[in-house]
Amino acid sequence: MSDKAATAQESLEALLKEARSFPPSEEFRRQANVSDPMIYEAARQDLEGFWAEEAKRLDWFQTWSKVLEWNAPWAKWFVDGKLNATYNCVDRHAKSFRRNKAAIIWEGEPGDSRTLTFEALEREVNRFANVLKSLGAKKGDRVAIYMGMVPELAIAMLACAKIGAPHSVVFGGFSAESLRERINDAQAKILITCDGGWRRGGVVPLKANADEALTGTPTIEKVVVVERVGKAAQIAMKPGRDYWWHELVANASDQCDPEPMDAEDMLYILYTSGTTGKPKGVVHTTGGYLVGTSTTHRMIFDIKEDDVYWCTADIGWVTGHSYIVYGPLANGCTTVMYEGSPDYPDRGRFWSIVAKYRVNIFYTAPTAIRSFMRWGTEWPAKYDLSSLRVIGTVGEPINPEAWIWYHQNIGRERCPIVDTWWQTETGMILITPLPGLTATKPGSATQPFPGVEAEVLDGKDRSVGPGAGGYLVLSKPWPAMFRTIYGDPDRYVRQYWSQYDGKYFTGDGAKVDEDGYFWLLGRVDDVMNVAGHRISTYEVESALVDHPAVAEAAVIGKTHEVKGQGIAGFVTLKEGIRASAKLKDELKQHVVKKIGPIARPDDIFFTSELPKTRSAKIMRRLLRDIAEGRVLGDTTTLADPAVTSRLKRQYEEEGKGD
């Protein structure tokens, strides 16, 4: 095993012996939104009272009659309460002292920029909300959104919420087939897309992908297209179905009353990978979600009135939903949106944006931080990062080496780091430091947020105690928790609530140290975490087997120094097909076509047979052992234990273990 792989696989014992601790400075503590440790005990003693006080920060058309109705696994928060998410995120600020405050600062990849005040954002949202209504959208209709990171994406989401039409945002890097599958599952009525998007100087063919997807989407009636790249996209518009955004909004009224929504009415569906392959439509509702995201955003990032806040995620993922759009805007915070990549036109792009807009809070992924490390300290050193006050990480566990680099080179040893753990399903951050209160440890997400009860259990519902590994489980409900899987409540119960009675099974492994700090270990199922994005092994395997040359495939996540996990595929070819470098490239590209670039395997390994149990189940854990260069685990259940030895020898001979 290479030195890099060894570094990436630091043993948990070494992590738990992490002696470095970074308490907040006295200056930061004095000015922090939360600095009293009693907040944890207060929330524990009166869970409903804690969240009710936070809910009062929002504007409600009708106050709730009951904070929580809990009949595990079914939750209702703020029962009978009526509100509107967009009214809370936009309208109320546009009518206040914040009307001329920047709501969204947008930076485009070619260098263009745009700032929308809350007052301007309200006008744009209202116009597009009226457009949606003119196209036949009404309360309860699903609207699919497939766009790049442009202001119209946030405007479209907020317009949907304004009229009570749940949105389903599909990441702009996904393929036509992935888009089609999500549209059909949600039975979306309208699709909003762009002619194209910019990425590293090239055009992402969003409209062309959408057109391909729409060949098999019977529920779509209308398509709205944002002009982003112009002639560079060379798109075709279908008369009677496709409409230009700018033409529709030109004559639309900028007045639109918000639809009163029950707290439990659906706000959006967001699809996430699952172990069975078919993406899950995670359903988030309105009241609890908005309370949870706004509360965590304010407390964890220590938001002040004049802060400029930047989360670098794509809105196609839950981080962008919760911590670019809904959480920040509900708090009346200025949120930055960036269209492009961190290394275009050069590797100083992120830091130039921080310096340009005097960003105060910066929230990014460990994957990005590991790339920054590889690129060298000279890039951030070129820019004035003195405006930064809090920096954070999201998407996957961060290794201590990257944490320290981030602390030294971006935070300049004065910014608290909030290392956050949560999921698409949780809707809001659940395990995190509070920057004015928590002494942080490199690599640990520290403690559950106030009001959140988490524990690490063995397979029989017993606490494992300090230092032992187990399953991360949530013992009590939280406001932003998802309510079901769209169209499949049985799967919701089976996958998340059947392992432990009345407790939520996260699917992540964890350990707790002697100080009660949580150390996340990643997925315990067959979902890979690639650059913070969850991709199921089944999805990629299905894509590989779809190729006419492939008889069988097994896919695993392999340690990757930048992405956290890379994808390695073990492929058995059909009789008469010869393995070649060209075929490897072809298979990788086939996965891109079926799923999208994020799922492209880093490596394809051809093998004549795969390790299987006597019941024909592929033993992926043994493939992980081979790929990681580890001693092989238990092989007694294999139909042919010699298979793994042959595979391991072949893998090492071909140099794939380095």
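## Strands β8, β11 and β12

Within strand β11, V226 is the bridge partner of C194. This is a predicted model, and the pairing just named belongs to a set of 5 bridges that join strand β8 (residues 190–194) to β11. The two strands β8 and β11 run parallel.

Strand β11 is also joined to strand β12 (residues 242–244), here by 3 bridges, and this pair runs parallel as well. D242 in β12 is the bridge partner of V223. Of the 5 residues of β11 (residues 222–226), 4 are buried, so the strand is largely enclosed by the rest of the structure. Strands of a sheet pair through backbone hydrogen bonds, either parallel or antiparallel.

## The seven-strand sheet

An open sheet of 7 strands follows the order β5-β4-β17-β16-β18-β19-β20, and its pairing is mixed. At its edges are β5 (113–117) and β20 (417–419), each of which pairs on one side only. From one strand to the next the twist averages 15°.

At the β5 edge, strand β4 (residues 102–107) is joined to β5 by 5 bridges, and the two run antiparallel. One residue pair here is I104 with L116, the latter being the bridge partner in β5.

## Nonpolar cores

The largest nonpolar core contains 161 residues. The residues with the most contacts inside this core are F78, L121, F128, I192, F301, Y326 and V540. Helix α8 (residues 151–163) supplies the largest share of the core, with 10 residues. Apart from this core lies another, of 30 residues, which include V359, L385, L388 and I417. In soluble globular proteins, nonpolar side chains tend to be buried together.

What does F301 touch, once residues up to four places away in sequence are left out? The list is T296, Y309, Y323, I361, Y363, R389, V390, V418 and I429.

## Helix α8

How many of the 13 residues of α8 are buried? The count is 13 of 13, so the helix is largely enclosed by the rest of the structure. Its length can be checked as well: at 1.5 Å a residue, the 13 residues of α8 should span 18 Å, and the end C-alpha atoms are 19 Å apart, which agrees. Just after α8, G164 takes a positive phi of about 80°.

P151 is placed in helix α8. With a relative accessible area of 2%, P151 is buried, because the cut-off for that label is under 20%. Leaving aside neighbours within four places in sequence, P151 is in contact with W106, R114, L116 and M337. Of these, L116 is also the bridge partner of I104 in β5. The C-alpha atoms of P151 and L121 are separated by 9.5 Å, with the two residues 30 residues apart along the chain.

## Confidence

The chain has a mean pLDDT of 91, and 95% of its residues reach 70 or more. Among the elements of the chain, α8 has the highest mean pLDDT, at 99, and helix α1 (residues 3–8) the lowest, at 32.

Over residues 1–13 the pLDDT stays under 50. For this stretch the model has 18 contacts beyond four places in sequence.

Technical notes. Residues are numbered from 1 along each chain as its sequence is written. Side-chain values use heavy atoms; hydrogens and water are left out. A nonpolar core is a set of buried Ala, Val, Leu, Ile, Met, Phe, Trp, Tyr and Cys residues joined through side-chain atoms within 4.5 Å. Buried means under 20% relative accessible area, exposed over 50%, partly exposed in between (1.4 Å probe, protein chains only). Contact means heavy atoms within 4.5 Å. Two strands pair if DSSP finds at least two bridges between them. Axes are lines fitted to C-alpha atoms, for helices over the stretch in contact, and angles run from 0 to 180 degrees between N-to-C directions. pLDDT is the predictor's confidence in each residue, from 0 to 100. The expected span of a helix is 1.5 Å times one less than its number of residues.
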